[in-house]
Amino acid sequence: MKSAARDGDRELGGEAGEGALPDAGWETMDTTLRPDTDTPPLTIDDVPPRTPPSHRTAAGADHRVRGHLLRGEPVADTDNSGRPEPGPGKSADGRPKRPRESGGGILMGRPFGVPVYVAPSWFVVAALITWVFGGQLERVLPELGGARYLVSLFFAVAFYASVLVHELAHTVAALRFKLPVRRIQLQFFGGVSEIEKESETPGREFVLAFVGPLLSLVLAGVFYLGLFTVEAGTVPAVLLAGLMVSNLIVAVFNLLPGLPLDGGRMLRAVVWKISGRPMTGTVAAAWTGRALAVAVLIGMPLLSYAGGYGAEEGFGGVDSITDALLAAILAAIIWTGAGNSLRMARLRERLPELSARALTRRAVPVSADTPLSEGLRRANEAGARALVVVDGQGEAVAVVREAAIAGVPEHRRPWVAVSTLAQDLTEGMRVWAELAGEDLLEHLRATPATEYLVVEGSGEIYGVLSAGDVERAFVAAMAKPAS
């Protein structure tokens, strides 16, 4: 591999030569940032790895973003095209096979190859449903006695099975569009399908969001038809009626047009299609979601009061307090989810500013036995800020770590070989110069390191990319005022 290290054009994080790095021997970039006062401090860990918000069903639906960019779960290495490159230990789409999930709860199975977990919080809500539905059964079927709680527990399990069907609809659609699904989790307020990539078109986004509520409506219809096959006033009739109503509520609630609900994602897709910009759709759907949160917070207690007007308990009764608490929880979930969706979309919009070519440091090739002082002399003479160790054929084999250089006193540098301060190159430490945005961040996240070798498509050395430079450039880009 020939070495033709060049100085990349710097657009983010400062120019080379601003401020000296103590004891290192070359100059480094200015890291002074002045974020606007309305934006909280951000780090590169705040942005998800190409993970659209996960569909959450039942009380709310959102697309939850997870993970860290440079220090998190592994993602795909890339080939010279910047696309995932299949290899050992990787899935068919080129992404590394993930280790088994931890902290997701109890693994219940793997339909369509996607793990399904039940979170510990599910048992809390299952007990609550059992208690509430049991109280209703006492009025409808008093002859059941204590057995009503067994029937109620069965209803709770059947209801969450319906939620799972809703989530599987999202999962099947995502897999149909070749979007990897990390897992499905059943939890306190329903279910979450964690889909790992954004939809590429507004049409796919709309379909992916709509199939969940559609399946809930289909289930409601199936349970309604089932009522005609059983005798009224029996346990099967009560269970079928309860499941029909609950699935209808799930479908209608999730169709409300505001993020993070499925209806919000549908609205986002429509605005995206009309405007041609996904960010415009996200802004519209997020603010609609916030308005929806306020409506839920105020409207649910008022509806409860209007429905119970004239009752003995009045507005201050236990039922009204319970409804108000539930409304507050739902409103908080919707408001927070809408805000997170908007924040993540704004971050993603600025990620293309991160370019491997723009952030690459110029480097000079040195042999393994070159004294550090000589390597630094050559680098300073060439205006470079990195050292690459090459073998006898000129092939890059290691990158000298900047932190290691800084730790060597100047009087010892003539006696220290650069090879003792170098990190051997692995395949993941070779970065294609054209990588940018999320592709670049995913690649760095796949192989955490302090420095990476940047290469052209032909394999020619372009320079060295520092993870610290990427981190600073990310923060600088995020600190810019919104346009």
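Helices and strands are taken here as DSSP runs, numbered from the N terminus. In the predicted model, P260 is found in the loop between helix 4 (235-254) and helix 5 (262-275), and the peptide bond that joins L259 to P260 is cis, with omega near 10 degrees.

Helix 2 comprises 29 residues (residues 148-176), for which a span of 42 Å is expected at 1.5 Å a residue, and the end C-alpha atoms are 42 Å apart, so the expected and computed values agree. Within helix 2 lies S152, which counts as buried because its relative accessibility is 0%, the limit for that class being under 20%. A polar atom of the S152 side chain lies 3.0 Å from the backbone nitrogen of G134. When residues up to four places away in sequence are not counted, S152 touches T130, F133, G134 and L137, so that G134 appears both in this set of contacts and as the partner in the 3.0 Å pair.

Helix 2 is followed by K178, a residue found in the loop between helix 2 and strand 4 (181-187). K178 is not a glycine, although its phi is positive, at about 60 degrees; with a relative accessible area of 71%, K178 is exposed, the class being set at over 50%. A positive phi, near 60 degrees, is also found at F112, again a residue other than glycine. F112 has its place in the loop between strand 2 (106-109) and strand 3 (116-118), and its relative accessibility of 55% means that F112 counts as exposed.

Methods
Residues are numbered from 1 along each chain as its sequence is written. This is a predicted model: local features need pLDDT of at least 70, side-chain atom pairs count only at pLDDT 80 or more; totals for chains, interfaces and linings use all residues. Side-chain values use heavy atoms; hydrogens and water are left out. Helices (H or I, at least four residues) and strands (E, at least two) are DSSP runs, numbered from the N terminus. The expected span of a helix is 1.5 Å times one less than its number of residues. Buried means under 20% relative accessible area, exposed over 50%, partly exposed in between (1.4 Å probe, protein chains only). A polar contact is a pair of N or O atoms within 3.5 Å; within protein, one must be able to donate a hydrogen and the other to accept it, and residues adjacent in sequence count only if both atoms are side-chain atoms. Contact means heavy atoms within 4.5 Å.
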